[in-house]
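Colleague: Before I rely on any label attached to this model, I would like to hear how each one was reached.

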Amino acid sequence: AVHISVAILVILGGIGFPVLTGFYSFCKHLIIVVVNKIKRNRLPVKPEKKNLPTSIVLFMTVFLILSGTIFYYLFESPNSMAGVENARKIMTSFFGSVCARTAGFNMVDISLWSYPTVFLMMILMWIGASPGSTGGGIKTTTFALAFRSVWSNIRGREHLIIGNREIGSKTIGKVLSVIFLSIVMIISGFFFLLLSEPGKNPVHLLFECVSAFGTVGLSLVNTASLSETGRVIIIFLMFIGRIGPLTLFTGFVFSQRKRYGRFPELEV
């Protein structure tokens with residue numbers, strides 16, 4: 001019961017306040033409709049349908065939780081969960097999948113994880129929660145738009161269209177910027193940790209960097225055992241991950257100069 005309660009709170013905290021507000025409006029309208037039907041009054045006007053960002057967030061949240069649960073179960077059943085009853089395995093897999101993207105709680109000794117599970121957790125931590133939430137990562141909408149953009153490009157489509165709406169090039173540019181900057185930050189932190197912590201397992205150091213950038217809190221390397229330099233690197237990654245790399249660097253290098261002309265296009 002405690003694990004389910006914590007998992008629900010993690011999901012609600014990571015799904016984003018815009019989605020929660022929309023869900024509240026939907027429930028409020030549903031209650032009003034039921035009450036008016038009982039009283040036989042005129043039904044209220046139906047509110048607007050859920051918008052595209054909300055649909056993307058809900059789909060990605062369900063997809064990442066289910067896929068993470070399935071792969072966690074497959075990878076860890078013969079390892080850290082060997083000899084555990086099946087119901088407990090499912091609960092542990094679900095809890096690990098949910099908490100890897102934002103919270104950092106764990107039900108098992110994560111040092112017993114196999115390398116495929118470690119890699120799976122790094123992917124979930126890197127993607128993170130949804131926009132407007134309390135979680136970190138590059139955000140579910142960023143990953144979804146990047147995937148759909150690549151898929152559209154492979155199929156030879158010039159424009160990205162989702163749900164009868166065309167996604168502008170400005171949005172795609174932000175998506176690419178966030179992904180690129182996040183990878184640069186994680187790789188840079190990993191490189192400097194390799195220099196400052198030569199005796200540590202490189203896989204554990206990379207996990208530490210991704211966890212710090214995603215502000216998750218899981219640790220395989222025992223953060224207390226890091227040197228002063230290593231701790232500063234982790235602090236720096238957590239700071240950038242919480243603010244967002246695009247927001248941070250835009251604040252430093254953003255130019256107020258406006259260009260009123262355009263150059264001829266060139267295909268590279």
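The exchange below takes up salt bridges, exposure, a surface patch and cavities in what is a predicted model.

Colleague: What makes the contact of Glu228 with Arg231 a salt bridge?

Modeller: The closest N and O atoms of Glu228 and Arg231 are 3.8 Å apart, and since a salt bridge asks for a side-chain nitrogen of Lys or Arg within 4 Å of a carboxyl oxygen of Asp or Glu, the pair therefore qualifies. Both residues lie in helix α9 (residues 228–243), three residues apart, about one turn of the helix.

Colleague: Why is Glu228 called exposed, and why is Arg231 called partly exposed?

Modeller: Glu228 has a relative accessible area of 60%, and because exposed means over 50%, the word applies to Glu228. Arg231 stands at 33% relative accessibility, which lies between the limits of under 20% for buried and over 50% for exposed, so Arg231 counts as partly exposed.

Colleague: How do you know that Arg262 and Glu265 form a salt bridge?

Modeller: Their side chains meet at 3.9 Å, N to O, and the cut-off is within 4 Å, so this pair also satisfies the rule. Arg262 and Glu265 are both exposed, and the count by this rule comes to two salt bridges.

Colleague: What makes Leu30 eligible for the nonpolar surface patch?

Modeller: Leu30, which lies in helix α2 (residues 17–39), has a relative accessible area of 44% and is partly exposed; patch residues need over 30%, so Leu30 passes that threshold. The patch, of about 540 Å², is made by Phe23, Phe26, Leu30, Val34 and Ile38.

Colleague: Why are two cavities counted, and what is the volume of the largest cavity?

Modeller: The count takes cavities of 30 Å³ or more; the largest cavity holds about 70 Å³ of space and the second largest has a volume of about 50 Å³, so both meet the limit.

Colleague: What classes of residue line the two cavities?

Modeller: The lining of the largest cavity has nine nonpolar, three polar and no charged residues, with Tyr72, Phe95 and Trp113 among them, and its largest share, four residues, comes from helix α4 (residues 86–99). The lining of the second largest cavity divides into five nonpolar, three polar and one charged; Arg101 is one of its lining residues, and because Arg counts as charged, Arg101 belongs to that last class. Helix α1 (residues 2–15) gives the largest share of this second lining, four residues.

Terms used
Residues are numbered from 1 along each chain as its sequence is written. This is a predicted model: local features need pLDDT of at least 70, side-chain atom pairs count only at pLDDT 80 or more; totals for chains, interfaces and linings use all residues. Side-chain values use heavy atoms; hydrogens and water are left out. Patches are made of residues with over 30% relative accessible area and no salt bridge: like charges are joined within 9 Å, nonpolar side chains (Val, Leu, Ile, Met, Phe, Trp, Tyr) within 5 Å. Accessible areas come from the Shrake-Rupley method with a 1.4 Å probe; for residues, only the protein chains shown count as cover. Helices (H or I, at least four residues) and strands (E, at least two) are DSSP runs, numbered from the N terminus. Buried means under 20% relative accessible area, exposed over 50%, partly exposed in between (1.4 Å probe, protein chains only). On a 1 Å grid over the protein atoms alone, a cavity is a set of points where a 1.4 Å probe fits but cannot get out, and a pocket is an open set with protein on both sides within 12 Å along at least five of seven lines; lining residues have an atom within 4 Å of a point. Grid points are joined across faces, edges and corners, and a volume is the space filled by probe spheres set on the points.
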